[in-house]
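User: Please take a close look at a single part of this model. Where does that part sit, and what surrounds it?

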Amino acid sequence: MKLDAELSALATQEDLPADVLRRLLQHQGARGSAALLRRDLTEEMVEEIIALGSARTLAANSSLPARVSACFVEHPEPPVRCAVAAHIRDEPPGVLARLAADPDPLVRQFLTMNDHLPPELLARLAADPDSSVRSGVIGRWRDVPDAVRRMLLTDTDPGIRSGSLRAFPPPADLLPGLLADPETREAAVAHSAPTAELAADPDSDVRSAEAAHPDLPTGLRDLLAEDPDLFVRNAIAARSDTPPELRERLVAGLKPDSPLAEWMLSFGRGNQACPPPAPVPPPLTRQQAEALLVRAGL
């Protein structure tokens, strides 16, 4: 396993001699790393990578020349089209529109990840018949025109309505209906003034959302600090304006029934940190690279 990792790291090393790279392409892991990350792949190498069965990984490389990426738009395999849809620019013009009309909804969903989409295509995808595509638009488009925002907030899919509420504020005239809807009430809490009614809602998720409200008054904060649901109390403990002594008491009283619940509570208070990135291995000399290739039988 260590050898595979070393070969993959070598495949991304800058200024790697072309003959060394060609030999590395025969190793699946190294080929995948080179296909995805290298910026200096020649046309011959591109053709070889495709012939060796790594077209999908290659299609995800945003550093490929536009003419190469455009070839993947019509690829017969949907996963390849998905990979290129996530990053390709509109070169030649019309490429993005073709992907927006792709018959496979997963391709259109990947297209919503693309930072190069013009507003007219985003609006088209926001009205896509597949809910996963519409959801992707919500996650990527912040400057949403009012007409599109209203369309998403009144979508037939409750997940789309809730996701839209978490992404952008609703027009004032839609908020009462969204608060009254059990499917969107929790997400709508953040856009409404805190009330005693919401703090006593029978749905603990609604009370948790109220507990996290930035404008929560002291009286409702103290009320929710005594809530029977530990996730509601945890939300109060996570607030920056919660007095230290109250926070300590709340945390001490949290009794999760599983390691997962304990992790979720800790994560909610912001106590989890990502591990540091792995150190980048030093570049290999030509002699060291040759020795590694010999060990791998390449």
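Analyst: Contact here means heavy atoms within 4.5 Å. The model is predicted, with local features requiring pLDDT of at least 70 and side-chain atom pairs pLDDT 80 or more, while totals for chains, interfaces and linings use all residues. Residues are numbered from 1 along each chain as its sequence is written, and side-chain values use heavy atoms, without hydrogens or water.

The part chosen is N114, located in the loop between α9 and α10 (119-126); helices are DSSP runs of H or I, at least four residues, numbered from the N terminus. With a relative accessible area of 4%, N114 is buried (under 20%, 1.4 Å probe, protein chains only). Setting aside residues up to four places away in sequence, N114 touches A85, A86, H87, I88, L96 and R140. I88 also takes part through its backbone oxygen, which lies 2.8 Å from a polar atom of the N114 side chain.

Among these partners, A85 leads to helix α7, where V80, R81, C82, A83, V84 and A85 are buried. That makes 6 of the 8 residues of α7, a helix that is mostly covered. The cover over its buried residues includes α5 (55-59), α6 (66-72), α8 (95-100) and α9 (105-111).

The largest nonpolar core (buried Ala, Val, Leu, Ile, Met, Phe, Trp, Tyr and Cys joined through side-chain atoms within 4.5 Å) has 64 residues, of which L24, L41, L58, F72, L99 and L111 touch the most other members. Helix α7 (residues 78-85) contributes the most to this core, with 5 residues. One of the well-connected members, F72, is in contact with V80, R81 and V84, as well as I50, A55, L58, A59 and L64, when neighbours within four places in sequence are left aside. Another core lies apart from this one and has 12 residues, among them A199, L220, V232 and I236.

A second buried residue may be set beside N114. S164 belongs to helix α13 (residues 158-167) and has a relative accessible area of 0%, so it is buried. The S164 side chain reaches the backbone oxygen of I160 at 2.7 Å. Beyond four places in sequence, the contacts of S164 are I138, L152 and L153. As for distance, N114 and R166 are separated by 52 residues in sequence and by 21 Å in space, C-alpha to C-alpha.

Technical notes. Helix = DSSP H or I, 4+ residues; strand = E, 2+ residues; numbered from the N terminus. Buried < 20%, exposed > 50% of the residue type's maximum accessible area, 1.4 Å probe, protein only. Polar contact = N/O pair within 3.5 Å; in protein donor to acceptor, adjacent residues only side chain to side chain.
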